[in-house]
Structure formats: C-alpha cells, structure tokens
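Q: I would like a close look at one part of this protein, namely its charged side-chain pairs, set in the context of the fold and the surface.

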Amino acid sequence: LVGLPVLLKARWAVFLGVLSGLLVAPVVLTQYDRTTAAAVGISMGLTWLVSAWLVFAMTEQSRRLKGMAVTDSLTGAFNRRYLELQVVRSLRDWERYNRTASLLLLDIDHFKRINDRFGHGVGDAVLTRLVGLIQQRLRKVDIVCRYGGEEFALLLNETSASMARHVGEELRRVVERGKILPEGSLTISVGVCDVTLARDSEHWFSLADAALYEAKRNGRNRVEQAPVLSEPTAIISRALPHWR
C-alpha cells in the first residue's frame, strides 16, 4: 500500500487503501473488543496515510528536481544540456529511421540596447515573454531551449528545412508585431538547418549558427537557411560582439 501513490497515483491509492481497510475490518472486529479494534484500525490508517504521504512527497520532489535539471530557471524553456541530448536523439532517428528534423537558432536583435535602455529587469521579462510567445506557436512535440543569454534554439521534429524556414518566418513576424517591449518593436534573427546536412551534433549546431550569422550580417530581422555546402569553419572567424 505504501508504494501505491507512486504506481497508481494518489487518487487510486487512496481508493485501494480504503477498500483494503474495509476488507480487513471484519477480521479485526472479530478478534478484538471494540476499543482495541478501534485503536488498531486508527493506528493502521494513520500509519498508511503517513507512509503514503511520505512516498508521494518524495516522488513529487524527485520530479521537481528532474525538471530543474533540464529547464532554464528564468524563462521556463529547456536548457542547453537537454537540447544537446535531444539533438543527438534526432540524429540517431535520422540515421536509423529517416525521420527528419530541423534546428533553428534564434537571437534577439540588439538585446544589449534593450538592457541599456530599459534595464535588466525588463530584459529578463522580454526573454520570458518571448519564450511564451514561441511556445504558443509550436507543437507539443517541438522543443524550445535557451541556448545562450538572448539566444534560443528550436528543435522541430518531423520538419523539413522548407517547413522550418516557414516556421521561422512566422515566428519572426509574430515577434515583431507582438507588444513585447514597453516601447517599439522587438525583432529576431533566425538560422535554419535540417538534419540531412549534419555529420554530427556539433556540425549541425555549426551550420545553424552560420545561418544565424548570415541573418545578422544581412541586416537582422530575417531568416536564413544553411546552404547545402556550408561548412562549420565559416563561423570560426566571426567576431561575436560586433553583431550582437
């Protein structure tokens, strides 16, 4: 009975606990006088309730800790560690089952200016609102991760490069039209790469990052797709501060 909250959820555990108590009650009542039987019954009930609550509390705590290990505390999006695990899984699914997937790297344009103008509190709120806006537009099977400070990654399962670019364009328009900033519009740049171009997870990230760099270099507030012949060396010589 102690393990029932874990195996069958709390509601079913309580139901089966009460049922078991009713089945045992006739035996207890026939073996002891009423006072002793009542004491035994109360002791058994309290023991089960306390034990069940402890197991349930430990299970909930374990679930919360597991969630904290894979999520970003500020935005609620998954973190980079979780993303890397899922990217490896998508690569394996592509190699074994030909299941396509696309990786989108998304970066907020001129985020430093937002922090300088409105303060870091508003900057944090912008990140949280952006994640919420993205999650509303994606499917449950898609993954949104905070990849860096103001950079996010989207892993779209069963999605080709052309479909992923369409999603990127839709998100770009939604963010630009959304009232995320206290004043003015927020814009994002997006780099898109599908799994068919990647040799491994590091290469896949490099291709998507190179596409994001092209979006920044070509004026920001746009979506760029990794070309078939892209190489990860294309991003090695870039200077990060000048375009962020």
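With which residue does Lys216 form a salt bridge, and how far apart are the closest N and O atoms?

A: The model discussed here is predicted. In it, Lys216 forms a salt bridge with Asp109, and the closest N and O atoms are 2.8 Å apart. Lys216 belongs to helix 7 (residues 201–217), whereas Asp109 sits in the loop between strand 1 (101–108) and helix 4 (111–118), so the pair ties together parts that are 107 residues apart in sequence. Lys216 counts as buried because its relative accessibility is 3%. Asp109, with a relative accessibility of 5%, is therefore buried as well, the limit being under 20%. The pair also belongs to a network of salt bridges, in which Asp107, Asp109 and Lys216 are linked.

The general principle is brief: side chains of opposite charge can pair when their charged atoms come close. In this structure there are 11 salt bridges, and two others merit description beside the one above.

One of them is also found in helix 7. Arg217 forms a salt bridge with Glu214, with 2.8 Å between the closest N and O atoms. These two residues are 3 apart in helix 7, which means that about one helical turn separates them. As for their surroundings, Arg217 is classed as exposed because its relative accessibility is 52%, while Glu214, at 28%, is classed as partly exposed.

The other lies in helix 6 (residues 161–177), where Arg172 and Glu169 are 3 residues apart and so are separated by about one helical turn. Their side chains meet in a salt bridge with an N to O distance of 3.1 Å. Both Arg172 and Glu169 are buried.

The wider fold gives these pairs their setting. The protein contains 8 helices and 5 strands. Read from the N terminus, its elements follow the order α-α-α-β-α-α-β-β-α-β-α-β-α. Of the 244 residues in the protein, 41% are buried. As to covalent links between cysteines, a search of the whole structure finds 0 disulfides. Cys145 is buried, because its relative accessibility is 0%, and Cys193 is likewise buried because its value is 1%.

Charge also appears on the surface as a cluster. Arg89, Arg92, Arg96 and Arg99 gather there in a patch of positive charge. Among them, Arg89 is located in helix 3 (residues 80–97). Arg89 has a relative accessibility of 47% and is therefore partly exposed. Patch members must have over 30% relative accessible area and no salt bridge, so the residues of this patch are, by that rule, without such a partner.

A nonpolar patch is present on the surface too. Leu19, Leu23, Val24 and Met44 make up this patch, which covers about 360 Å². Helix 1 (residues 4–31) gives the most to the nonpolar patch, contributing 3 residues. Val24 is found in helix 1, and Val24 counts as partly exposed because its relative accessible area is 34%.

To return to the part requested, the salt bridge between Lys216 and Asp109 joins helix 7 to the loop between strand 1 and helix 4, and both Lys216 and Asp109 are buried.

Definitions and conventions. Residues are numbered from 1 along each chain as its sequence is written. This is a predicted model: local features need pLDDT of at least 70, side-chain atom pairs count only at pLDDT 80 or more; totals for chains, interfaces and linings use all residues. Side-chain values use heavy atoms; hydrogens and water are left out. Patches are made of residues with over 30% relative accessible area and no salt bridge: like charges are joined within 9 Å, nonpolar side chains (Val, Leu, Ile, Met, Phe, Trp, Tyr) within 5 Å. Accessible areas come from the Shrake-Rupley method with a 1.4 Å probe; for residues, only the protein chains shown count as cover. A salt bridge is a side-chain nitrogen of Lys or Arg within 4 Å of a carboxyl oxygen of Asp or Glu. Lys and Arg count as positive and Asp and Glu as negative; His and the chain ends are not counted. The place of a charge is taken as NZ of Lys, CZ of Arg, CG of Asp or CD of Glu. Helices (H or I, at least four residues) and strands (E, at least two) are DSSP runs, numbered from the N terminus. Buried means under 20% relative accessible area, exposed over 50%, partly exposed in between (1.4 Å probe, protein chains only). A disulfide is a pair of cysteine sulfur atoms within 2.5 Å.
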